[in-house]
Amino acid sequence: MAVLGIDVGGSGIKGALVDVESGEFLAERVRIPTPSPGNPDQVIEVIRRIVDEFEWDGKIGVGFPGVVRRGVIYTAANVSHEWIGEDLAALITNVTGCQAVVLNDADAAGLAEMRFGEGKRYENDYVLFLTVGTGIGSALFVQGKLWPNSELGHLQVRGRDAEHRAGDGVRQEKDLSWKSWGKKLQEVLFVYDNLLSPDAIIIGGGVSKKFKKYARYLKGIHAEILPAALRNQAGIIGAAMAAEESLIID
Ligand code: BGC
């Protein structure tokens with residue numbers, strides 16, 4: 001079954017046709033830079049272009065970097081605040097005529113990782129999946145079921161949002177070594193581990209492929225820590241899965 005998956009990010013909006021049974025892309029992914037400041041009109045226009053590009057008229061799944069309930073955006077930490085209160089699912093349907101399901105971007109990526117990536121090994125366990133990019137996104141899985149909108153990137157760690165302590169944006173801005181940054185990530189994971197006692201913490205996002213460079217600094221954490229198997233496609237695949245199946249409890 002093909003579904004159009006779209007991942008809305010602060011710098012780019014990516015879409016691909018996904019075979020939701022296999023998790024494979026059916027055609028090359030499209031990426032369009034997010035127009036600044038990324039307000040609803042601008043983002044909807046990009047989504048419309050992606051739908052046109054694929055000449056799509058089926059279901060659409062969309063991952064968005066904020067709290068999403070029943071298609072409505074409740075928070076927008078790293079994107080335009082004009083999004084708050086907007087019903088993104090309804091806007092997409094109005095503009096494209098397609099049925100749309102919207103969910104948090106990290107929840108979407110986590111769903112894909114649980115089904116097609118490392119999460120397969122933990123389907124009977126408690127899993128914390130993280131996307132570590134400019135922000136830190138989180139998705140919690142209780143024996144394979146998603147608890148949506150956990151937003152652990154905004155949990156306070158020594159008086160600051162976790163994502164402002166150990167997001168990859170911090171590493172890049174301050175040009176930190178993997179050692180210095182790894183120690184910051186350890187501090188954040190230590191808090192998550194104590195709070196939730198998960199069996200596994202799976203690290204996704206851009207830094208997952210550099211895991212070997214900082215893994216040794218992630219000490220004193222009870223959960224098994226491992227890098228995600230799916231790279232930056234996970235958000236698109238999981239959004240498509242959520243549109244096809246009832247993976248989000250509204
Ligand atoms: C947002 C989350 C999002 C994460 C990754 C955070 O700033 O609050 O909703 O999942 O960034 O994009």
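P37 sits in the loop that runs between β4 (30-33) and α1 (40-53). Keep in mind as you look around that this is a predicted model. The bond between S36 and P37 is a cis peptide bond, with omega at about 5°. Another loop, the one between β11 (145-147) and β12 (156-157), holds N149. This residue, N149, is not a glycine, yet its phi is positive, at about 60°. Why do these two spots deserve a second look? Because most residues other than glycine have a negative phi, and most peptide bonds are trans.

Now let's turn to the ligand. The space it takes is the largest pocket. Which elements give two or more residues to the shell around the ligand? They are α3 (105-116) and β10 (136-142). Domain 1 (2-107 + 233-244) and domain 2 (122-229) each supply at least three residues of that shell.

If you would like to find the neighbours yourself, the ligand is surrounded by P65, G66, A77, N78, N104, D105, A106, I136, G137, E151, H154 and E163. Sorted by class, the shell has four nonpolar, five polar and three charged residues.

Three of these side chains have a polar atom at a listed distance from an oxygen atom of the ligand, as the table shows.

| Residue | Distance from its polar side-chain atom to a ligand oxygen atom |
|---|---|
| N78 | 2.9 Å |
| H154 | 2.6 Å |
| E163 | 2.9 Å |

How much of the ligand's accessible area does the protein cover? On its own the ligand has 310 Å² of accessible area, and the protein covers 92% of that.

To retrace the tour in the structure, begin at P37 in its loop, move on to N149 in its own loop, and finish at the ligand, with N78, H154 and E163 among the residues around it.

Terms used
Residues numbered from 1 in each chain as written. Predicted model: local features only at pLDDT ≥ 70, side-chain atom pairs only at ≥ 80, totals over all residues. Heavy atoms only, no water. Near = heavy atom within 4 Å. Polar contact = N/O pair within 3.5 Å; in protein donor to acceptor, adjacent residues only side chain to side chain. Areas by Shrake-Rupley, 256 points an atom, 1.4 Å probe, with all protein chains shown as cover. 1 Å grid on protein atoms, 1.4 Å probe; cavity = no way out; pocket = protein on both sides within 12 Å on 5 of 7 lines; lining within 4 Å. Sits in = over half its atoms within 2 Å of the grid points. Helix = DSSP H or I, 4+ residues; strand = E, 2+ residues; numbered from the N terminus. Nonpolar A, V, L, I, M, F, W, Y, C, P; charged D, E, K, R; others polar. Domains from an automatic or database assignment.
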